[in-house]
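Please look at the model below with two topics in mind: how a pair of helices can pack together, and what surrounds a pocket.

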Amino acid sequence: MDLGIAGRKAIVCASSRGLGRACAKALAEAGCDVVINGRDRDHLATTADELRRTTDAKIIPVVADVASAEGQQALFEACPEPDILVNNNGGPPPRDFRRLDRQKMIDGVVANMIVAVELIQKAIDPMIAKKFGRIVNITSGSVKMPLGGLDLSSGARAGLTAFLAGVARSVAGSNVTINFLLPGVFETDRLRSYMGTIAKNKGISYENALADRLATVPARRAGNPDELGAACAFLCSAHAGYITGQNLLMDGGVFPGAF
Ligand SMILES: NC(=O)c1ccc[n+]([C@@H]2O[C@H](COP(=O)([O-])OP(=O)(O)OC[C@H]3O[C@@H](n4cnc5c(N)ncnc54)[C@H](OP(=O)(O)O)[C@@H]3O)[C@@H](O)[C@H]2O)c1
């Protein structure tokens, strides 16, 4: 399918690895110019080279902490009026909620809620003026179904979802959409580190911890980041203008509700 977005300009935050990288790759394959981002310069440069080699797209790497004002400024200097914004960031480490002090909670809410809102504030008016905008927020399946130790992440992301529910309706008439991708278990560095912590806490091997986790997934496997990237590119496509304010759960069937 031709996604109809060749030549569109995209900012994909936190995209040197994992799910963000997969979104950047799918948008580059669709012909977009893509700003990619991460804090580690070498890693970002390697990813930029790989994406240029495999997609022929214009890839602009921006080394920046997306949570900082300077980082956000650098992203918008590289692409002042994006047609597409994919919000992504690292998530807080798993931690019993009793061990969260006020500063840790504020940091978590900033990272997984406020940063996305700030970036949307910067991107949205030119999108409205151009009558085209696609905003995708990578959140988590934990927005719908709690995950032990990730309460801060779940709460901040649920806050983002509720915040943007109204915003999405207020800009839909200008062909600007705001949607959410809710990953379950995807094979990324984040998953490896999370499963490492679970294994340590339970005193079992990493392999057994992962096997236990995947046994709870009806699909009996972890998701491939490229699957999420493809869904992201579709939500950003010319064909998805009538989909807004939606939460697309990609969890291999874990969430048991019929609706
Ligand atoms: N993988 C899963 O199964 C899963 C499930 C549910 C939710 N999620 C959520 O989805 C998001 C992405 O997860 P992932 O698995 O793709 O993680 P990942 O493999 O750890 O990759 C994270 C990416 O974000 C970048 N990054 C982190 N903090 C950043 C910051 N402050 N500024 C700019 N870039 C930053 C990292 O690069 P640098 O380190 O170089 O900055 C890296 O490119 C996370 O919020 C995670 O909690 C993931």
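Axes are lines fitted to C-alpha atoms, for helices over the stretch in contact, and the angle is taken between N-to-C directions, running from 0 to 180 degrees. In this predicted model, the axes of helix α4 (residues 102-130) and helix α5 (residues 151-171) cross at roughly 20 degrees and come within 8 Å. Because angles under 35 degrees count as roughly parallel, α4 is roughly parallel to α5. The crossing of α4 and α5 is right-handed.

Many side chains can be followed along this contact. On the α4 side, the residues that meet α5 include K104, M105, G108, V109, N112 and M113, and α5 contributes, among others, L152, A156, R157, G159 and L160.

A second place to examine is the second largest pocket, which holds about 350 Å³ of space. Its lining has 23 residues, and those closest to the centre of the pocket are L147, V185, R213, T216 and V254. Helices α6 (189-202) and α7 (206-215) each supply at least two residues of this lining, and α6 gives the most to it, with 4 residues.

The table sets out the residue classes for the two places.

| Place | Nonpolar | Polar | Charged |
|---|---|---|---|
| Contact of α4 with α5 | 15 residues | 3 residues | 2 residues |
| Lining of the second largest pocket | 13 residues | 5 residues | 5 residues |

Conventions:
Residues numbered from 1 in each chain as written. Predicted model: local features only at pLDDT ≥ 70, side-chain atom pairs only at ≥ 80, totals over all residues. Heavy atoms only, no water. 1 Å grid on protein atoms, 1.4 Å probe; cavity = no way out; pocket = protein on both sides within 12 Å on 5 of 7 lines; lining within 4 Å. Points joined across faces, edges and corners; volume = space filled by probe spheres on them. Nonpolar A, V, L, I, M, F, W, Y, C, P; charged D, E, K, R; others polar. Parallel < 35°, antiparallel > 145°, perpendicular 65-115°, else oblique. Left-handed = near helix turned anticlockwise from the far one by under 90°. Contact = heavy atoms within 4.5 Å.
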